[in-house]
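The following exercises treat a single predicted model, and each is followed by a worked solution. Please work through them with the sequence and the structure in view.

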Amino acid sequence: MEAPSAVIFDVGNVLYDWNPRYLYERLIGDDRALDAFLGNVATKAWHFQHDAGRPFAETSAELAAAHPEFAEMIALWGPRFDEQIPHALPGMPELVTELDESGVPLFAITNFSGEFWPPFRNRESALFDRFRDVVVSGDEKLVKPDPAIYALALARFGLAGSDAVFIDDREDNVAAANDAGIHGLLFTGADKLRADLKGLGLL
């Protein structure tokens with residue numbers, strides 16, 4: 001099998017640290033109340049609907065109707081979403097820069113709301129301008145680990161599976177990439193990823 005020549009990144013928890021606590025710990029002073037809100041009301045499972053393409057106006061109205069005492073907090077999730085992703089993970093901008101400056105084609109497949117993506121991407125244009133294309137689940141109404149999103153991405157990127165390495169922090173997403181013929185790598189940190197990419201001849 002030929003060595004891969006392109007790299008496809010996940011975004012949240014690979015390139016950037018995503019955690020709703022970064023926003024809501026500023027707004028909810030009591031730790032137990034914060035845990036309850038994020039664990040029982042504005043959960044990551046609820047947010048996954050945005051990644052799948054549902055409009056925030058719909059999901060927030062439904063959640064606020066079920067939890068009217070939290071309506072104001074729920075309403076802030078969308079407009080202030082990029083505050084949940086305050087910074088890149090250590091070593092990752094440097095790794096992206098090194099790959100790009102070495103001529104390695106860079107792409108991404110991200111489970112991300114199509115509404116929330118543009119302001120975040122604009123804020124982080126210094127990094128994402130190095131990418132040739134990004135498939136955003138909310139725009140496609142397809143989410144990882146659905147095989148269809150990998151097939152769509154390969155077709156759009158002009159790659160065969162064997163051309164690419166795919167990096168994600170979730171084992172199920174990596175397994176789905178492997179099933180699509182892509183060389184999947186489980187992300188645990190920049191140092192390990194750098195070593196893995198060196199082993200594949202990409203650095």
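**Exercise 1.** Determine which residue of strand 3 stands opposite Ile109, and place strand 2 within its sheet.

*Solution.* Step 1. Ile109 stands opposite Val135 in strand 3. Strands here are DSSP runs of E of at least two residues, and helices are runs of H or I of at least four residues, both numbered from the N terminus. Residues are numbered from 1 along each chain as its sequence is written. The model is predicted, so local features need pLDDT of at least 70 and side-chain atom pairs count only at pLDDT 80 or more, while totals for chains, interfaces and linings use all residues, and side-chain values use heavy atoms, with hydrogens and water left out.

Step 2. Strand 2 and strand 3 are paired in the parallel sense over four bridges; two strands count as paired if DSSP finds at least two bridges between them.

Step 3. Strand 2 is also joined to strand 1 by three bridges, and these two strands run parallel. Within this pair, Phe9 has Ala108 as its bridge partner, and Ile8 stands opposite Phe107.

Step 4. Strand 1 pairs in turn with strand 4, again in the parallel sense, over four bridges, and Val7 has Val165 of strand 4 as its bridge partner.

Step 5. Strand 4 (residues 164-168) and strand 5 form a parallel pair with four bridges, in which Asp168 is partnered by Leu186.

Step 6. The result is an open sheet of five strands in the order 3-2-1-4-5, with parallel pairing. Strand 3 (133-136) and strand 5 (183-186) are at the edges and have a single partner strand each, so one side of each lacks a neighbour in the sheet. Direction ignored, neighbouring strands are turned by 20 degrees against each other on average.

**Exercise 2.** Establish whether the residues of strand 1 and strand 2 are buried or exposed.

*Solution.* Step 1. A residue is buried under 20% relative accessible area, exposed over 50% and partly exposed in between (1.4 Å probe, protein chains only).

Step 2. In strand 2, Leu106, Ala108 and Thr110 point one way, Phe107 and Ile109 point the other way, and all are buried. Five of the five residues of this strand are buried, so strand 2 is largely enclosed by the rest of the structure.

Step 3. Strand 1 is covered on both faces: Ala6 and Ile8 on one side, and Val7 and Phe9 on the other, are all buried.

**Exercise 3.** Identify the helices that lie across the sheet strands, and describe the nonpolar cores.

*Solution.* Step 1. Helix 6 lies across strand 1 (6-9) and strand 2 (106-110), at about 155 degrees to strand 1. Angles run from 0 to 180 degrees between the N-to-C directions of lines fitted to C-alpha atoms, for helices over the stretch in contact, and contact means heavy atoms within 4.5 Å.

Step 2. Helix 11 (residues 171-179) lies across strand 4 and strand 5, at about 165 degrees to strand 5.

Step 3. A nonpolar core is a set of buried Ala, Val, Leu, Ile, Met, Phe, Trp, Tyr and Cys residues joined through side-chain atoms within 4.5 Å. The largest has 48 residues, and Phe9, Leu15, Trp77, Met92 and Phe131 have the most contacts inside it. Helix 6 (residues 92-101) gives the most to this core, with four residues.

Step 4. A second, separate core of 17 residues includes Ile8, Ile149, Tyr150 and Phe157.

**Exercise 4.** Compare Arg26 and Leu152 by location, accessibility and contacts.

*Solution.* Step 1. Arg26 is placed in the loop between helix 1 (21-24) and helix 2 (31-40), whereas Leu152 belongs to helix 10 (residues 147-157).

Step 2. Arg26 is exposed, with a relative accessible area of 53%; Leu152 is partly exposed, at 23%.

Step 3. Leaving aside neighbours within four places in sequence, Arg26 is in contact with Arg80 and Glu83. On the same basis, Leu152 is in contact with Val135, Glu140 and Leu142.
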